[in-house]
Amino acid sequence: MIDWSLGHLADPAQNHQAIDVTGQEAAPLLVQLRMMLLIRLAERCLAGGRRDGLIGGPVHLGVGQEAVAVGVAAELRKTDRVFGGHRSHSHVLSMGSSLHGLFAEILGKDTGLSRGMGGSMHLWDQPNGFYGSVPIVSGTVPLAVGAALAAKMQGGGDVGVAYLGDGAMEEGVVHESLNLARMLKAPALFVVENNLFASHMHISLRQPKEATARFAAANDIPYEIIDGNDVVQVRTAAARLISRARAGEGPGFLEAVTYRWYGHVDWREDIDVGVNRSSVDVDAWRKRDPIARLVAGMNAKGLFDTKRLAEMEAEIVVEVAEAWKLAQADAYPPLTALTSRVFASSGVKQ
Amino acid sequence: MSRNRHNYGTALLAAFEYLLEKYPEVFVIGQGLWSPWYVGNSMTDLDKKFGAHRVIDTPVSESACTGAAVGAALAGMKPVVVHPRMDFMLYAMDAVVNQAAKWSHMVGGQAGPGLTIRSIINRGGEQGAQHSQALHAWFAHVPGLRVVMPATVADARDLLIASVLCPDPVLFIDDRWLYDLEADLPPVVERSLTLERPRIVRPGLDVTIVASSYSTKLALEAADLLQQKGISAEVIDLRVINPLDSTDIVNSVERTGRLLVVDGSWSPCGLAGEVIASVVERVAPTTLKKSPARITLPFAPAPTALVLEQAYYPTSAMLVSQVEKLMDKVC
């Protein structure tokens, strides 16, 4: 019988090694590496913007967790239906959303992804397959099941994706959603980013077992538990579950074990306010860096020259700075937006 | 019953048949849809006619089913999620209030879930506190949600169709106590829900009675009784309580000078109070011949014992008596 411990996956002293890229092509790995770097530098920029008072609302940063969204998104298409939560910058960017649109949204600008009405916690980019994220913990999980059910009815082989965290697994509606998805054979993928923390509190103080995939097993849903800081593992596991779903075989559950380097919200590390969160752990987890490990793995196979990393980084730094500058100069929504966007039937012109 | 003759329940059934037949993106999901127990005669054999994949009976999961309907709506479907008893729908509050109602605003009006949540008020029969509630006022408090309460056979069919075709989230509330109402219905004409508003269902001169759903039935019965006493009551059926358009009510009160509001729920922060406030704010103080009055439930949960239950719900006799007070016929 499985004991539902995460074992070495949750041990920050382990899994520091280079990622095994055997059999992987260079081109997609480069795309994934670049996207992870873009997400990281964008979130570093947001951390600074928040610290310096340029961003008015909360930002929940996922630095350290980039491989999860990037690995999953590599298996998705624009007609799929992705839903997220409060920590979803990586989820939306990995679907190919505009960095400027994300920044503008977080700055409350009319040019933002949600036209300045959502901020960091309510992101929307349906044309790119990102149906929406909201900060009510687990709020979008049943929505993803419904969008998956719609995909099944519409017959295009698309899937619904619910990103959620280990904390969301403690919400009742998630258990209803797992059962419902299984009973309706909805092509849904539940992606749990298990970063071991809900807000300030370690999973050992919230759940009797660390592996949330035990609930997938209880609902007869196929699951995989993987190192969420290994983009190759994430992608290959996602590919297996997504292809099942596309083929009409029902939902899948991917538990990606990872860790966030920042605290729950904003730019601080929150060592002091975390229960069972220590600087020793954070430092150890930094050594399980999904980006550095991918670079090391690609370098070992001759797929990447470490010198190119500096170039790539410099290029992205410029891209981020330009998007940030542009977004800051954009206009805020008109005051009429206070009431004119309440009903979608009113149209999007106001 | 002839083909055009309907009761409130079969009118709802006719709306479902019309929608499922004409719109492939319409589907229905909720508990009890494959059983005659839960939804009276309002959904009989829909699963057999349109298939169990479009008329989906579900696990006991109000929250996930409602959330799934929101997600399916965002993905281009027109789902109807059915809650056979409003009390149980409280498990779905997040999906209704936080997700469906706020979605359009949160994403800048670029998308919105066009789902219909059908919730049934199903009370009486000594069922008590958790099988009796009419919580429409809670939902009328929330921006971004349309709340519809049909009182007539025609509205049961036509407002359900309008709700499902509306691109916004709609809470459609029907009342089992109305299911035996009968009327002849003309062929369906699709309407835009955004244009629907309160309607004068009986013109009168002396007093304005405002009601919705089952309370409208009481108001019409009371108006008949009042007529026999020489009092001419105008009855306004609210029909759509969110957003509430009180223009016709204000105009009516300007003519009659007297206002009674009847609501089958509680007074505090409720629909009756909202209607009265919206009138008092807009008429000149001299317009009112008497202070407005309201008839609602005692401020207590529904009882079980029949003797208490009979005293709990308003009756047309109570309306008559209240109107007589407004008319100064009784001291």
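1. The radius of gyration used here is taken over C-alpha atoms, and the globule rule sets it at 2.2 Å times the number of residues to the power 0.38. The model is a predicted one, and for the 331 residues of chain B a compact globule would have a radius of gyration near 20 Å, so the 20 Å of chain B agrees with that expectation.

2. Other overall descriptors of chain B can be set beside this value. Taken along the principal axes, its C-alpha atoms fill a box of roughly 60 × 45 × 40 Å, and buried residues make up 55% of the 331 residues in the chain. Of the contacts in chain B with a separation of 6 or more, 80% are accounted for by residues 24 or more positions apart, and the chain has 11 helices and 14 strands.

3. In chain A, six strands form an open sheet with parallel pairing, in the order β2-β1-β3-β4-β8-β7. The edges of this sheet are β2 (130-133) and β7 (223-227) of chain A, each of which pairs on one side only, and neighbouring strands are turned by 15° against each other on average, with direction ignored.

4. At the β2 edge, strand β1 (residues 81-84) of chain A is joined to β2(A) by three bridges, and the two strands run parallel. One residue pair can be named here, since the bridge partner of Gly84(A) in β2(A) is Ser133(A).

5. Helix α5 (residues 141-154) of chain A lies across β1, β2, β3 (160-165) and β4 (188-194) of chain A, and its direction makes an angle of about 165° with β3(A).

6. Helix α5 of chain A also has a part in the contact between the chains, which takes 39 residues from chain A and 36 residues from chain B. On the side of chain A that touches chain B, at least two residues come from each of β2, α5 and α6 (172-184) of chain A, and α5(A) gives the largest share, 10 residues. By class, that side of chain A has 21 nonpolar, 14 polar and four charged residues.

7. Helix α11 (residues 306-329) of chain A has 24 residues and reaches 36 Å from its first C-alpha to its last, which is close to the 34 Å expected at 1.5 Å a residue. Which residues of α11(A) are buried? They are Val320(A), Ala323(A), Trp324(A) and Ala327(A), and what covers the buried residues of α11(A) includes α1 (26-51) and α4 (99-106) of chain A.

Terms used
Residues are numbered from 1 along each chain as its sequence is written. Chains are lettered from A and ligands numbered from 1 in the order in which they are written. This is a predicted model: local features need pLDDT of at least 70, side-chain atom pairs count only at pLDDT 80 or more; totals for chains, interfaces and linings use all residues. Two strands pair if DSSP finds at least two bridges between them. Helices (H or I, at least four residues) and strands (E, at least two) are DSSP runs, numbered from the N terminus. Axes are lines fitted to C-alpha atoms, for helices over the stretch in contact, and angles run from 0 to 180 degrees between N-to-C directions. Two residues are in contact if their C-beta atoms, placed from the backbone, lie within 7 Å. Ala, Val, Leu, Ile, Met, Phe, Trp, Tyr, Cys and Pro count as nonpolar, Asp, Glu, Lys and Arg as charged, and the others, Gly among them, as polar. The expected span of a helix is 1.5 Å times one less than its number of residues. A residue is buried if 20 or more other C-beta atoms lie within 10 Å of its own, exposed if 12 or fewer, and partly exposed in between; C-beta atoms are placed from the backbone.
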